[in-house]
Amino acid sequence: MLVRVSGRSRHHRTVDFDERRNCVRLIEQRLLPHTFKVVSIPDHVATAAAIRDMVVRGAGAIGATAAYGLAQGARAFGGRGLTGFTRHVERVFQTLAAARPTAVDLVNAMIQVRERMQSGTTVTERQRLALAAARAFADEDVAHCEALGRQGASLIREGMRVLTHCNAGWLAFVDIGTATAPLYAAQAEGRNFHVFCDETRPRCQGASLTAWELAQQGISHQIIADNAAGHLMQRGEIDLVIVGSDRVLGRTGEVANKIGTYTKAVLAAHHGIPFYVAIPLSTIDWNLRRGRDIPIEEREEAEVLGAWGVTTSVSRSGKAIRRYVRIANPTSGARNPGFDVTPAELITGIITPAGVFPPGELWGRRLELGGAFRPA
Ligand code: MRU
């Protein structure tokens, strides 16, 4: 998307690759919305750390980062033997796979890269194929987001008030985003609407990232406290909810997404408000049989006990000063599950690049949606 920094507009992808230096290039999302900075990640171990520490986050974006990370690790191999190379690639794969557990895109992306490398008969050829496959994954992510934007655009009607949770915008993918794609498409078709962004404690991706994206894009929006949605729904001030997902079970239609999504789905069902989930195909898990089996990331207590932000005063060089402040009682601990699972019956439709379907229809459409059977 176009980013305006210091009065200049430039197109940026969230994730990119510098072939000459064998570096993954990422927008440093922990600094947004206060500072826009692109960082170069020099090796696959640092790439895994960037995913774990949330320099980059969001299902599609960490999928593309892992795909590039696998190619980066493969390209760093100095030997010539295919056996040693295969062992090395497996270690790189495991290092990246361990970075974050819930979003299935990360592993799906690397499986795609690993499979496409296999046709190479030498190490050099496989290294070349790995990078080509990672680039193909990133391009496909963009194409999927574009397509699902077209599929979902007609859901956004003139004057609607739309609620979204967390950030399923272009920062969470390679470009365009999922929950935001129908919004951007409706805007391009000339419709006006208003978006409520849940702030999304504890890391506030809604307040910091989604709000920044919508502001960059000139879309009318307001940030609301996570607890305000029920009140607005009760007063008839929300017409539609649209969120992204980190894993959708192809067999059951259950949706894992940022913590608090389930609460919003229950509220939307109670008030008869349509609730949509927008995803690229890499977010579908065709193997798991039950939502309860989705690994839910437990994150550190500090995220709940305090918050990151910038001070209102600036440093001598005119830069905002980024600080963590403790909010909670000093002797209290916290529990911090990062995601929850919304049952299929609370979801009106899944917006995919191939169409908008009730969650229960995914399994019947698995060939059309690219469902590959892989050993769990
Ligand atoms: O912890 P995050 O920021 O990586 O969470 C992932 C998400 O961005 C959300 O769950 C989002 O709504 C899903 S779409 C990428």
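Here is a friendly tour, in questions and answers, of a predicted model.

Visitor: Let's start with the small sheet that holds S3, S4 and S5: in what order do the strands lie?
Guide: This sheet is open and has 3 strands, with antiparallel pairing. Its edge strands are S3 (15-18) and S5 (38-41), each of which pairs on one side only. Neighbouring strands are turned by 30° against each other on average, direction ignored. The order is S3-S4-S5.

Visitor: Which residue in S4 is the bridge partner of aspartate 18?
Guide: S3 and S4 (residues 23-27) run antiparallel and are joined by 4 bridges. Aspartate 18 has its bridge partner in S4, and that partner is cysteine 23.

Visitor: What is the phi of asparagine 22?
Guide: Asparagine 22 sits in the loop between S3 and S4. This residue is not a glycine, yet its phi is positive, at about 55°.

Visitor: Which helix lies across S3, S4 and S5?
Guide: The helix in question covers residues 59-75. Its direction makes about 15° with S3. The helix is H2.

Visitor: And at what angle do H2 and H4 pack?
Guide: H4 spans residues 105-117, and the axes of the two helices are 7 Å apart. H2 passes H4 in a right-handed crossing. Residues making the contact include Ala59, Gly60, Gly63 and Ala67 of H2, and Leu106, Ala109, Met110 and Val113 of H4. The packing angle is about 35°.

Visitor: On to the ligand: how much of its exposed area does the protein bury?
Guide: The ligand is surrounded by 18 residues, and the closest are Arg57, Arg100, Asp246, Asn257 and Lys258. An oxygen atom of the ligand is 3.0 Å from a polar backbone atom of asparagine 167. Taken alone, the ligand exposes 390 Å², and the share buried by the protein is 99%.

Visitor: How far is the polar side-chain atom of lysine 258 from an oxygen atom of the ligand?
Guide: Arginine 100 places a polar side-chain atom 2.7 Å from an oxygen atom of the ligand. Lysine 258 also offers a polar side-chain atom to a ligand oxygen, and the distance there is 2.7 Å.

Visitor: Which are the edge strands of the sheet of 7 strands?
Guide: This sheet is open, has mixed pairing and follows the order S8-S7-S6-S9-S12-S17-S18. Its twist averages 25° from one strand to the next. The strands that pair on one side only are S8 (221-224) and S18 (355-357).

Visitor: Do S9 and S12 run parallel or antiparallel?
Guide: S9 covers residues 240-243 and S12 covers residues 275-278, with 3 bridges between them. Isoleucine 242 has tyrosine 276 in S12 as its bridge partner. The two strands run parallel.

Visitor: What angle does the direction of H5 make with that of S17?
Guide: H5 packs on the sheet and touches S12, S17 (349-352) and S18. Its direction and that of S17 make an angle of about 135°.

Visitor: How far apart are the axes of H5 and H6?
Guide: H5 (residues 123-152) and H6 (residues 181-188) pack at an angle of about 65°. H5 passes H6 in a right-handed crossing. The contact is made by Cys145, Leu148, Gly149 and Gly152 of H5 and Ala181, Pro182 and Ala185 of H6. The axes are 7 Å apart.

Visitor: Which helix lies across S6, S7 and S8?
Guide: S6 covers 161-164 and S7 covers 194-198. The helix, residues 205-217, runs at about 160° to S7. This is H7.

Visitor: Where does proline 202 lie?
Guide: The peptide bond from arginine 201 to proline 202 is cis, with omega near 10°. Proline 202 belongs to the loop between S7 and H7.

Visitor: Is the peptide bond from leucine 32 to proline 33 cis or trans?
Guide: Proline 33 has its place in the loop between S4 and S5. The bond leading to proline 33 from leucine 32 has omega near 5°, and is cis.

Note on methods: Residues numbered from 1 in each chain as written. Predicted model: local features only at pLDDT ≥ 70, side-chain atom pairs only at ≥ 80, totals over all residues. Heavy atoms only, no water. Pairing = 2+ DSSP bridges. Axes fitted to C-alpha atoms, helices over the stretch in contact; angles between N-to-C directions. Contact = heavy atoms within 4.5 Å. Near = heavy atom within 4 Å. Polar contact = N/O pair within 3.5 Å; in protein donor to acceptor, adjacent residues only side chain to side chain. Areas by Shrake-Rupley, 256 points an atom, 1.4 Å probe, with all protein chains shown as cover. Left-handed = near helix turned anticlockwise from the far one by under 90°.
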